[in-house]
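Visitor: I am new here and would like a short tour. Could you show me the molecule and let me ask about it?

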Amino acid sequence: MSFRGTESNGPAERRFDRRSLLKAAGATALTTSLIPATAGVARAKEAATVDAIVIGAGYAGGTVARELALQGLKPLVLEARNRIGGRIWTSTFAGAQVEVGGSWLGPQQPLIHKELQRYNRSTFEDVVAEQMVLPGDQGFEVLPPEDAFAALGQLWGEFYAGSENYFERPQEPLFRSDLLASVDPLSLSDRLGQLQLSPTELKWLNSETSVYSGGPSTRGALTAMAQWIQLSGGSYGTYSTTMSLRPVGGMTAVLQAMFNESQADIRLNSPVKKVTESGGLVTVETTAGAKFVSPVVVVATPANVWKNITFSPGLPAAHTQATTQGIGVPHATKMWVQVQGNVPATAAQAGEGSPILMMVPQQQLADGRLFICFTGPSLNVSNATDVRAAVQQFLPGATVLRYQAMEWAKDPYAGGGWGLRRPNQLLQLFPSIEQPHGRIVFAGADIATGWHGAFIEGAIESGFRAAQQAAALA
Ligand SMILES: Cc1cc2nc3c(=O)[nH]c(=O)nc-3n(C[C@H](O)[C@H](O)[C@H](O)COP(=O)(O)OP(=O)(O)OC[C@H]3O[C@@H](n4cnc5c(N)ncnc54)[C@H](O)[C@@H]3O)c2cc1C
């Protein structure tokens with residue numbers, strides 16, 4: 001099972017199975033506008049014809065559904081899980097509202113801010129670190145955030161030097177494809193190797209390159225992260241603000257509002273297994289045998305799981321490459337931890353290979369502070385003793401009251417975590433990956449042009465593009 005939800009309550013540990021957690025999340029995320037999956041099954045054999053079919057109810061699918069509805073179409077949304085949101089999942093932990101998937105928004109992401117405005121929702125500033133723990137020459141050191149920030153800013157400045165040229169227009173990543181040819185093959189690890197870094201400086205940087213790569217920094221492309229830096233405003237400082245804001249009411253709330261406005265027919269628990277185009281129509285079949293027919297289908301699932309759907313005719317080369325190689329990272333485990341007592345808001349990073357690569361402080365509750373930890377592949381999150389030891393590396397003597405981890409890469413409907421392109425994927429996959437395949441259109445943060453991969457901003461952007469393409473085919 002992909003969800004390793006382990007909460008330890010003092011010495012006696014309590015383990016939650018996936019079902020109970022899904023139930024809890026479902027209660028948060030769902031409203032009465034959703035139609036039970038059984039309705040889909042009942043109509044299975046009729047192969048109902050609909051205006052448009054959207055596969056996947058994440059932010060990309062929600063944007064497509066709402067935009068098609070605004071054009072007068074009535075879309076059918078087929079979602080594999082028992083909730084909307086996909087890699088966004090507002091849930092609870094230690095009695096507090098938390099995000100199991102994506103948490104943060106940046107001020108420089110206009111599309112999500114327009115959506116917030118549209119649905120009268122506001123944001124709040126997330127907790128600001130009071131101290132920072134970083135690897136030193138002899139173990140971890142505690143630094144004032146301003147000092148750590150200044151030093152990190154300098155190092156990242158060197159790391160991303162030149163990206164202002166090869167991403168002269170970061171919203172149009174191929175604009176300087178002439179300059180990209182020599183940079184696109186580089187991994188994040190290759191770039192680290194080009195700099196003259198001390199062993200400690202290397203750890204300061206490779207904690208982050210490893211987190212984003214979902215394991216070894218050899219996996220992630222330099223151009224993937226460099227594009228984000230340029231989109232954010234060009235520096236480590238501007239990029240840091242992409243983790244500064246959170247929407248009041250949680251990340252799922254805006255998506256729910258989008259689906260409500262769309263009035264789409266949403267069928268939960270409806271994993272799609274087959275998409276067949278023939279004679280100007282597309283037939284979509286779920287694993288339960290329900291069939292739906294439409295002039296156009298939008299596939300808004302993660303790129304990593306396209307391979308779990310049988311497409312006829314088969315996918316084009318770029319799509320096959322994307323789903324075989326993967327864009328969603330192979331390790332993305334987000335762990336919520338509560339540490340007993342009044343604990344300083346501590347941010348921490350550790351070098352590649354460490355059990356916890358990055359720790360982000362969250363709210364102080366009456367009985368202890370919450371933290372988000374992004375773990376490395378070396379930590380077995382099922383082992384509470386190992387988890388405690390890993391947290392104590394940053395907070396010596398800390399008592400871990402409880403924790404809960406979600407292993408996104410093991411989730412069958414994500415097949416990976418946030419997206420991060422591999423070396424060469426920018427020039428090899430784009431722009432073909434954004435083109436329709438006959439009457440089948442593709443959407444998703446993984447294949448966005450701008451804020452790709454790790455941002456719902458990209459999911460929304462790709463949803464607008466896909467809705468336009470789909471409307472032309474409907
Ligand atoms: C741990 C983590 C932290 C993140 N942090 C942030 C953050 O702080 N800020 C931010 O902006 N972004 C963040 N992201 C990225 C963000 O969550 C994603 O980019 C975005 O949610 C992707 O949206 P999407 O609609 O493209 O895909 P998804 O959200 O994955 O939606 C796809 C949907 O398709 C469904 N599906 C899959 N297969 C099938 C099938 N066969 N049939 C029917 N349905 C199917 C899935 O169940 C899912 O609901 C994070 C992601 C992760 C995993």
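Guide: What follows is a set of questions and answers about this model, which is predicted.

Visitor: What length does helix α9 reach from its first C-alpha to its last?
Guide: Helix α9 covers residues 199–213, which is 15 residues. At 1.5 Å a residue, 21 Å would be expected. The model comes close to that, with a reach of 20 Å.

Visitor: On which residue is the kink in α9 centred?
Guide: Follow α9 along its course and you will meet a bend of about 30 degrees. The residue at its centre is also listed among the buried residues of the helix. That residue is Leu-205.

Visitor: Is α9 largely enclosed or largely open, and how many of its residues are buried?
Guide: Buried here means under 20% relative accessible area. The residues of α9 that meet this cut-off include Thr-200, Trp-204, Glu-208 and Tyr-212. The helix is largely enclosed by the rest of the structure, because the number of its 15 residues that are buried is 11.

Visitor: Which residue with a positive phi follows α9?
Guide: Look just past the end of the helix, where phi is near 70 degrees. The residue there also helps to line the largest cavity. It is Gly-214.

Visitor: What is the volume of the largest cavity?
Guide: The structure holds three cavities of 30 Å³ or more. Among the residues lining the largest cavity are Ser-210, His-331, Phe-374 and Trp-418. Its volume is about 40 Å³.

Visitor: Which elements each supply at least two residues of that lining?
Guide: Ser-210 and Val-211 are in the lining, and both are also buried residues of α9. Phe-374 and Thr-375 are in the lining too, and the strand β21 spans 368–375. The two elements are therefore α9 and β21.

Visitor: How many residues of the lining are charged?
Guide: Sorting the lining by type gives five nonpolar residues and six polar ones. Glycine counts as polar in this sorting, and Gly-214 and Gly-215 are both in the lining. The number of charged residues is none.

Visitor: How many residues of helix α3 are buried?
Guide: Helix α3 runs over residues 59–70 and has 12 residues. Its buried residues include Tyr-59, Val-64, Arg-66 and Leu-68. What covers them includes β4, β5, α4, α12, β16 and α16. The helix is largely enclosed, since the number of its residues that are buried is 10.

Visitor: Which proline is joined to Phe-430 by a cis peptide bond?
Guide: Omega of this bond is about 5 degrees. The proline sits in the loop between α15 and β23. It is Pro-431.

Visitor: And which residue is joined to Pro-313 by a cis peptide bond?
Guide: Pro-313 is found in the loop between β17 and α13. The bond leading to Pro-313 has omega near 0 degrees. The partner is Ser-312.

Visitor: Is Asn-120 buried or exposed?
Guide: Asn-120 lies in the loop between α4 and β8. Its phi is positive, about 55 degrees, although Asn-120 is not a glycine. Over 50% relative accessible area counts as exposed. With a value of 73%, Asn-120 is exposed.

Visitor: What is the relative accessibility of Gln-263?
Guide: Gln-263 is in the loop between α12 and β12. Phi of Gln-263 is positive, near 50 degrees, in a residue other than glycine. Gln-263 counts as exposed, at a relative accessibility of 62%.

Note on methods:
Residues numbered from 1 in each chain as written. Predicted model: local features only at pLDDT ≥ 70, side-chain atom pairs only at ≥ 80, totals over all residues. Heavy atoms only, no water. Helix = DSSP H or I, 4+ residues; strand = E, 2+ residues; numbered from the N terminus. Expected span 1.5 Å × (residues − 1). Bend = angle between axes of the 7 residues up to and from the residue. Buried < 20%, exposed > 50% of the residue type's maximum accessible area, 1.4 Å probe, protein only. 1 Å grid on protein atoms, 1.4 Å probe; cavity = no way out; pocket = protein on both sides within 12 Å on 5 of 7 lines; lining within 4 Å. Points joined across faces, edges and corners; volume = space filled by probe spheres on them. Contact = heavy atoms within 4.5 Å.
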